[in-house]
Amino acid sequence: MTFSGPAVCIGVDIDTDQVIAGRYLRTKDTSVWAEHVFEDLDPTLAPRLNGAVLVAGNNMGCGSSREQAPVAIREAGAVAVVAPSFARIFFRNAINVGLPVIECEGLTCHEGSTVTISLEEGWVEADGVRHPVRPLSGRMQEILAAGGLVPYWRNK
Amino acid sequence: MSTLSERILGGPAGTYVDHEVDRAFAHDGTGVLAMEAFRKMGVAKPARPETVSIIYDHISPANTSHTATLQKELREFSAAAGFALTDVGGGICHQLMSEGRVLPGEVVVGADSHSCTTGAFGAFSTGVGATDMAAIWAEGSTWFRVPETINIELTGRLPECCEAKDIVLTVTGNIGMDGGTYRALEYTGDGAAALTIAGRLTLCNMAVECGAKTGLFYADKTTQDYLARYGHQVERQEPEDATYCRELSVDLSNMEPVLSVPHRVDTVAPVADYAGTPLDQVFVGTCTNGRYEDLERFAQIVRGKEVTCRTIVVPASRAIMQKAAESGVLAAIIAAGCMVGPPGCGPCLGMHMGVLGEGETALSTANRNFKNRMGVGAEYYLGSVATAAASALKGEITSPEGIL
């Protein structure tokens, strides 16, 4: 799988309360989460996520286990999230809801410049520089290819 | 030689293992999403329903008809699936799991990030999201990456004005919000052995605040005595000469009361540095500090006095509330002018009762002070129960030194 899109840059230690605030969790309607994603961090961010690669700093998605966080990012149209490290529950959740997450060190984020990711070959390319990435396990790649853990299970 | 996590999961650090889940639980928030995922997976029935608990704590009781309808749906689903449901008023999932439902050596998974709490019993206890939980219901097992472990050796005796909360905030400040990512924390040493189960639960509860997968204590005589009260006879666990990825030593005798300052849990400073900061609200409770020992300590400080700012106290479970009612602890708290809420998460996650207004400042015994979490545009400090009590009496941040 190869993904590509303009970079949207966010900082380090972005917690899931900042991804989607607790006050929007009282629903099953995923469009609510997409509408309010990153609202408290930067209200202009949500519309820019469509088709974009979200590039975060260390410890992306720390805090609460809320799965609405990766769902909100996916529903807002982001094609993948790249960060040097992720909080582990966010990482699992993202794979489970079909949002590609890639651990990549040394990437400097330039807003709007094209970021390309190859999961099979294990690299992220930005500003003409190719960075090797930590490969996902075979099972994680299968779950992502199926579109998430629910379709993966249904196909089993 | 193995760490406790390696021993329980049955593999060396860094490897992936599939393991049966001995206890699985979800709350009213994640339970609804797990129910949706489970239905969409098209699985006829759960693999081992007798291992699953559903506990209503996040919005408990329901605040709107919409929430109530979601809770009704989950209640019906849970009954049909054969899960054990604890309805509103029972308490916080992590506390209820701590009341005799988790045993040493077990693999415990909760659909909540603070599921690391019950590592205090020498279990491998960790949090997942809702879809992972649905898959666990379906299969009875899940995959884990066996974590590397940071050994935190606690030595010496904690001063009277400090408590487990000061230890865990100090450790979190030291390790940092991502210093434990993908790892486990093991607490050892004479200072760890001297902690009560309540204190151990407070330490393990906040393991996730530095990114850790879980926090663990080795089961010892304290664990045996505690679990015997719930009818369980358990074996002790002895530490081996294991390989740790990092070793940290914390001298408890040097500890001072500390705060986690807005808006990062790892920004930790002595309470004295912020003394005099005016407070609009003090909140005592949560899966970190809503246990009987906490309420008792709070009552000890406020007894016969009056709080001078809005103070909300929420027991972590019905059993705790009942014991506090019978012992007079609750009466002392109420007489001091505090509001006592129903067992549950209270305002911690900003969903209902007790949230803060814009520009307000609070001190809370909870585990997270993320921006806007407990109220949009508010600031909140995290501290110990004694710091909360001393501060509630003065209406401003106050160190408990000299009070106890």
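Author: A nonpolar core is a set of buried Ala, Val, Leu, Ile, Met, Phe, Trp, Tyr and Cys residues joined through side-chain atoms within 4.5 Å. This model is predicted. Its largest such core has 202 residues. Phe38(A), Met60(A) and Ile73(A) touch the most other members.

Reader: Which residues does Ile73(A) touch, leaving out those up to four places away in sequence?

Author: Val19(A), Val37(A), Phe38(A), Leu54(A), Met60(A), Ala78(A), Val81(A), Phe90(A) and Leu99(A). In soluble globular proteins, nonpolar side chains tend to be buried together.

Reader: Why is Tyr182(B) called buried?

Author: Its relative accessible area is 17%. Buried means under 20%. Therefore Tyr182(B) counts as buried. Tyr182(B) lies in the loop between helix H6 (164-175) and strand E9 (184-188) of chain B. Its phi is positive, near 70°.

Reader: Why does Asp127(A) count as partly exposed?

Author: Asp127(A) has 44% relative accessibility. Buried needs under 20%, exposed over 50%. The value falls in between, so Asp127(A) is partly exposed. This residue sits in the loop between strands E6 (123-126) and E7 (129-132) of chain A. Asp127(A) also has a positive phi, about 50°, although it is not a glycine. Most residues other than glycine have a negative phi.

Reader: What makes the bond between Ser60(B) and Pro61(B) stand out?

Author: It is a cis peptide bond, with omega about 0°. Most peptide bonds are trans. Another cis bond joins Pro262(B) and His263(B), with omega about -5°.

Reader: How many residues of chain A are in contact with chain B?

Author: 37, and they meet 47 residues of chain B. The buried area is about 3,700 Å². Carbon and sulfur atoms give 54% of that area.

Technical notes: Residues are numbered from 1 along each chain as its sequence is written. Chains are lettered from A and ligands numbered from 1 in the order in which they are written. This is a predicted model: local features need pLDDT of at least 70, side-chain atom pairs count only at pLDDT 80 or more; totals for chains, interfaces and linings use all residues. Side-chain values use heavy atoms; hydrogens and water are left out. Buried means under 20% relative accessible area, exposed over 50%, partly exposed in between (1.4 Å probe, protein chains only). Contact means heavy atoms within 4.5 Å. Buried area is the accessible area (1.4 Å probe) that two parts lose on being put together, summed over both. Helices (H or I, at least four residues) and strands (E, at least two) are DSSP runs, numbered from the N terminus.
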